[in-house]
Amino acid sequence: MATLTGTMFQPEQEAMDRRRLKELQGERLVALVGRLKDTGSAYWEAKLAGVEPGSIRGIDDLRSLPFTIKSDLRDCFPFGMLAVPLAGTVRVHASSGTRGKPTVVAYTAADIDLFAQVNARAIAAAGGRREDVLHIAYGYGLFTGGLGLHYGGERLGATVVPASGGNPGFQVQLMADLGANGLACTPSFALLLAERAEADGLKDRIRKHLRYGVFGAEPWSEAFRSKIERAWDGLEAHDIYGLSEVIGPGVAAECREGRGSLHVFEDHFYPEVVDEHGEPVAPGVPGELVLTTLTKEAQPVIRYRTGDITSFVDAPCRCGRTSRRITRFAGRVDDMLVIRGTNIYPSEIEAVLLDDHRVSGQYQIILDRRSALPELVVRAELAAPVGPDERAQLLRSLAVALKERLRLRVEVLIGDPGSLLRQETGKAKRVWEVTSADDPLVALLPK
Ligand SMILES: [Zn+2]
């Protein structure tokens with residue numbers, strides 16, 4: 001596969017012989033556990049209390065170690081999980097505290113270097129090259145997206161434009177003027193920028209240069225991918241995965257040859273997929289992704305339960321990378337809606353909506369919990385104006401398709417093009433819950 005390794009940023013690591021990879025993972029795990037038992041930190045002492053020195057001899061022994069969960073990070077706020085002195089760190093990031101305190105993650109200089117390497121791998125896997133102009137419209141700041149892709153782009157040697165989030169009119173002008181070849185942002189923002197470029201008459205100028213996108217931080221369906229690719233007409237949209245608790249973006253990424261699944265950079269992040277009891281599932285069976293950082297210094301995690309649902313794809317990939325692949329994400333354990341005893345992921349609703357080209361990429365899912373039996377309401381938006389008959393027909397066909405897919409009655413509303421609020425920064429919020437009569441969303445619900 002020598003001809004294809006040209007697209008790899010680190011072919012020696014990315015296409016490593018699997019036997020050698022397993023040895024390397026084992027060596028790294030043994031070193032990690034040895035180091036963590038010696039930190040003198042109360043957290044690590046308690047975490048590894050039952051682990052005898054010498055009982056971890058290879059990567060297969062990982063299963064004997066305890067899981068780590070999100071609340072461990074919150075309970076240790078801010079620096080209780082550090083495995084090095086704070087003076088040895090050079091940066092922190094934090095994830096937004098949707099339930100109380102944010103979770104803080106710290107990095108040593110070597111961790112920042114690793115963060116740059118894995119993001120350079122991801123950009124290269126999406127088709128990025130050192131001669132490119134790479135436009136980064138992820139938020140910069142405490143969120144890991146902006147700075148992660150930024151340093152990855154620089155490491156690759158690309159010319160990075162740190163545009164950050166917001167201000168779409170200015171951003172599309174910049175993309176046209178500077179000749180962006182790559183775009184890195186959330187998938188919802190990529191679509192918003194395409195709409196803006198079209199409205200401002202800049203799309204053709206941008207399309208001349210723009211080849212690929214590296215999109216992540218939100219789960220997005222294949223239908224959403226088609227929507228973005230159609231909207232930009234010529235761009236290849238690629239998925240990137242990561243989470244701040246592990247490092248940020250760059251844990252796994254899609255390659256051009258194996259679209260639909262992501263290579264986990266498993267020389268640094270060891271993946272497991274487990275069922276609800278924490279037991280490994282068979283290849284191809286969906287479960288929760290669990291990650292262990294094999295090389296991170298400041299704030300490693302052991303068997304971190306990500307809450308993200310995926311499955312292993314075990315066939316070798318045509319790109320020549322040997323690392324294991326995981327399927328694109330169906331959703332998060334905590335995104336799952338339970339409505340009248342039925343489990344529903346918002347991504348299933350998205351897939352149905354976007355399957356119809358008359359519907360735009362904007363939508364809202366409203367769970368109306370004002371009565372004992374919750375109702376599911378979906379607000380969609382037309383991609384282009386249609387007559388009243390076609391609108392009525394579209395509403396009926398969406399309601400039927402949603403009922404078939406979800407096995408649940410869904411109330412569908414459809415607005416004019418541009419009628420739903422666009423979110424210009426951060427991750428798009430798709431799901432809203434209404435619990436009381438004074439919620440302002442009530443005005444939007446069917447009577
Ligand atoms: Zn591949």
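This passage describes a metal site, a buried acidic residue, several helices, the empty spaces and some unusual backbone geometry.

The model is predicted. Residues are referred to below by their number along the chain.

The zinc ion comes first. Four residues coordinate the zinc ion: C255, H263, C317 and C319. The cysteines bind through SG, and H263 binds through NE2. The coordination distances run from 2.1 to 2.3 Å. The angles among the four donor atoms span 101 to 118°, and the site is tetrahedral. Along the chain, the donors are spaced as C-x7-H-x53-C-x1-C. C255 sits in the loop between β8 (248-254) and β9 (261-264), while C319 sits in the loop between β13 (312-313) and β14 (325-327), so this pair ties together parts that are 64 residues apart in sequence. C255 and C319 are both buried.

Strand β8 also holds E254. The relative accessibility of E254 is 0%, so E254 counts as buried. Two polar partners of the E254 side chain can be named. The side chain of R225 makes a polar contact of 2.8 Å with that of E254. The backbone nitrogen of G260 lies 2.7 Å from a polar atom of the E254 side chain. Beyond the neighbours within four places in sequence, E254 is in contact with a wider set of residues, including A125, A126, A237, H238 and D239. That set also includes R259, S261, L262 and R328.

Helix α7 spans residues 168-178. Its buried residues are P168, G169, Q171, V172, L174, M175 and A176. The cover over these buried residues includes strands β3 (133-136), β4 (159-162) and β5 (182-185). Helices α8, α9 (203-207) and α10 are also part of that cover. Just after α7, G179 takes a positive phi of about 70°.

Helix α8 contains S188. S188 has a relative accessibility of 9% and therefore counts as buried. The side chains of S188 and E218 make a polar contact at 2.7 Å. With neighbours within four places in sequence set aside, S188 is in contact with E218, F224, A428 and R430.

Helix α8 appears again at the second largest pocket. This pocket has about 370 Å³ of space. Its lining has 18 residues, and L191, E195, K227, A231 and A383 are the closest to its centre. Two elements give two or more residues to the lining, namely α8 (187-199) and α10 (222-232). The largest share comes from α8, with five residues.

Enclosed space was also examined. Rolling a probe the size of a water molecule over the atoms reveals where empty space remains. The structure holds two cavities of 30 Å³ or more. The volume of the largest cavity is about 70 Å³. The residues lining the largest cavity include Q13, E14, L21 and R121. V264, F265, E266 and D267 are also in this lining. R321, T322 and S323 complete it.

Helix α4 covers residues 70-75 and includes S71. S71 has a relative accessibility of 24%, so S71 counts as partly exposed. S71 and T103 are 32 residues apart along the chain, and their C-alpha atoms are separated by 9.1 Å.

Several backbone features remain. The peptide bond from F77 to P78 is cis, with omega near -10°. P78 lies in the loop between α4 and β1 (91-95). D233 has a positive phi, near 50°, in a residue other than glycine. D233 belongs to the loop between α10 and β7 (236-243). Its relative accessible area is 40%, so D233 is partly exposed. R303 likewise has a positive phi, near 50°, in a residue other than glycine. R303 is placed in the loop between β11 (287-293) and β12 (304-310). R303 has a relative accessible area of 4%, and is therefore buried.

Definitions and conventions:
Residues numbered from 1 in each chain as written. Predicted model: local features only at pLDDT ≥ 70, side-chain atom pairs only at ≥ 80, totals over all residues. Heavy atoms only, no water. Donors = N, O, S within 2.8 Å, 3.2 Å for Na, K, Ca; no water. Tetrahedral: all angles 85-135°; square planar, octahedral: opposite > 155°, others 65-115°. Helix = DSSP H or I, 4+ residues; strand = E, 2+ residues; numbered from the N terminus. Buried < 20%, exposed > 50% of the residue type's maximum accessible area, 1.4 Å probe, protein only. Polar contact = N/O pair within 3.5 Å; in protein donor to acceptor, adjacent residues only side chain to side chain. Contact = heavy atoms within 4.5 Å. 1 Å grid on protein atoms, 1.4 Å probe; cavity = no way out; pocket = protein on both sides within 12 Å on 5 of 7 lines; lining within 4 Å. Points joined across faces, edges and corners; volume = space filled by probe spheres on them.
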